[in-house]
Amino acid sequence: MYNLKGAVWEITLSCNISCLHCGSNANINTRPKELTTAEALNLIEQLADLGCKRVTLSGGEPFMRKDWSILAHRIVYLGMKCDFISNGFIVNDDIIDTLKAIGINYLGFSLDGSNAKTHDYIRGREGVFDHLMWVFDRLKENGFMVSAVSTIHKGNINELEGIKQILLDHHVDLWQIQTANIRGRMPKEWAISDKDFYQVAEFVAKNRPRYKGILGITEADSLGYFSRMIKNMGMTHWKGCNAGMSIIGIESDGSIKGCLSMQDKMYIEGNIREKSLKEIWNNPEGFKYNRRFDMSQLGGICADCKYGGICRGGCSEKAATYTGQLHCQPFCLYDMEKKGLV
């Protein structure tokens, strides 16, 4: 039996901007046959019945969905924590007041540049950076916990220090740093190298302990796992990808995946219009890439690694994107250190 702890739910694919690194190719158009309000509310009931603790609403741009406040209110009413991940460009005082009334206290926003020129270029629209700075300040004035998510690639890897200073200046509480994948609209020339990957990890390891209690710096699950720097990166208890083990991803049409970032349709475990969430989650044949893992599935640099049984080949999304198969993430700090590549 697997306990469902969290869900990341792309409540709409519609987006008001067009980011160059968007893996979902989100744009102003919605995905065909997105869940109705009634269907979405029913799904929230099912999440609560399964004991889910936290639901993160994302997109696209979640605030583009007209009934977002109805869904968020039901999530909180049923005792689950509700978070949002947004680009911030649509957020205004009315939205902030509604969030406060519902009882939302945690919001995450994408920040991918240390200045308007870089951030707006990546985001594909002028004015996004300046408005985001206003959003940061306005939310802090209203007592919200605010986080930033930075997706790093060759287009912004040299701006980490600058982004950090912006977040400190605006009193942002948390900062998640992740590396981009080559999918969706992401330009191939922005793909990171092993050296780039290690540079990002060194930045996290250096700054995380330095700003503890001021700016909580954390890395995404794709950054790790058994490096000599790992204690400073906060990943000492990594036990493999959690997709389908304790978390799920929900697409806006009701399709269920272990992780939303795993884009291929082969990773869809079912749709709530056809089966209940409980049936999908408890299916003995479901999510078997993780639930039925064995050492023979390890490939690439992971095949003979002494940590293979614990790590299970790292982040499933990274492995699938760069190699076409699972359990063999090509970016591994431990492997880089072992081979003297860094």
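In what order do the strands of the open sheet stand? The views below take up this question and then move on to other parts of this predicted model.

**View 1. The open sheet and its strand order.** Welcome to the sheet: ten strands make it up, and they run in the order β7-β6-β5-β4-β3-β2-β1-β8-β9-β10. The pairing among them is mixed. On average, neighbouring strands of this sheet are turned by 20° against each other, direction ignored.

**View 2. The edges of the sheet, β7 and β10.** Look for residues 216-219 to find β7, and for residues 268-271 to find β10. Each of these two strands has a single partner strand, so one side of each is left without a neighbour in the sheet.

**View 3. Strands β1 and β8 side by side.** Here you can follow β1, residues 6-10, next to β8, residues 247-250. The two strands pair in the parallel sense, and four bridges join them. A handy place to start is A7, which stands opposite I248 in β8.

**View 4. Helix α2 packed on the sheet.** Residues 68-77 form helix α2, which touches two strands, β2 (54-58) and β3 (81-86). The direction of α2 makes about 145° with that of β3.

**View 5. The surroundings of W175 in strand β6.** Is W175 buried or exposed? Its relative accessibility is 0%, and buried means under 20%, so W175 counts as buried. The strand that holds W175, β6, covers residues 174-179. Leaving aside neighbours within four places in sequence, W175 is in contact with residues including A148, S150, L160, I163, K164 and L167. Further along the chain, its contacts include F203, L215, G216, I217 and T218. E219 is 44 residues away from W175 along the chain, yet the C-alpha atoms of the two are separated by 8.3 Å.

**View 6. The cavity and its lining.** How many cavities of 30 Å³ or more does the structure hold? There is one, and the space in this largest cavity comes to about 130 Å³. Its lining is made of 16 residues, and those closest to the centre are C302, C305, C311, C332 and Y334. Two elements, α11 (308-311) and α13 (333-338), give two or more residues each to the lining. The largest share, three residues, comes from α13. By type, the lining of the largest cavity has ten nonpolar, four polar and two charged residues.

Conventions
Residues numbered from 1 in each chain as written. Predicted model: local features only at pLDDT ≥ 70, side-chain atom pairs only at ≥ 80, totals over all residues. Heavy atoms only, no water. 1 Å grid on protein atoms, 1.4 Å probe; cavity = no way out; pocket = protein on both sides within 12 Å on 5 of 7 lines; lining within 4 Å. Points joined across faces, edges and corners; volume = space filled by probe spheres on them. Nonpolar A, V, L, I, M, F, W, Y, C, P; charged D, E, K, R; others polar. Pairing = 2+ DSSP bridges. Axes fitted to C-alpha atoms, helices over the stretch in contact; angles between N-to-C directions. Contact = heavy atoms within 4.5 Å. Buried < 20%, exposed > 50% of the residue type's maximum accessible area, 1.4 Å probe, protein only.
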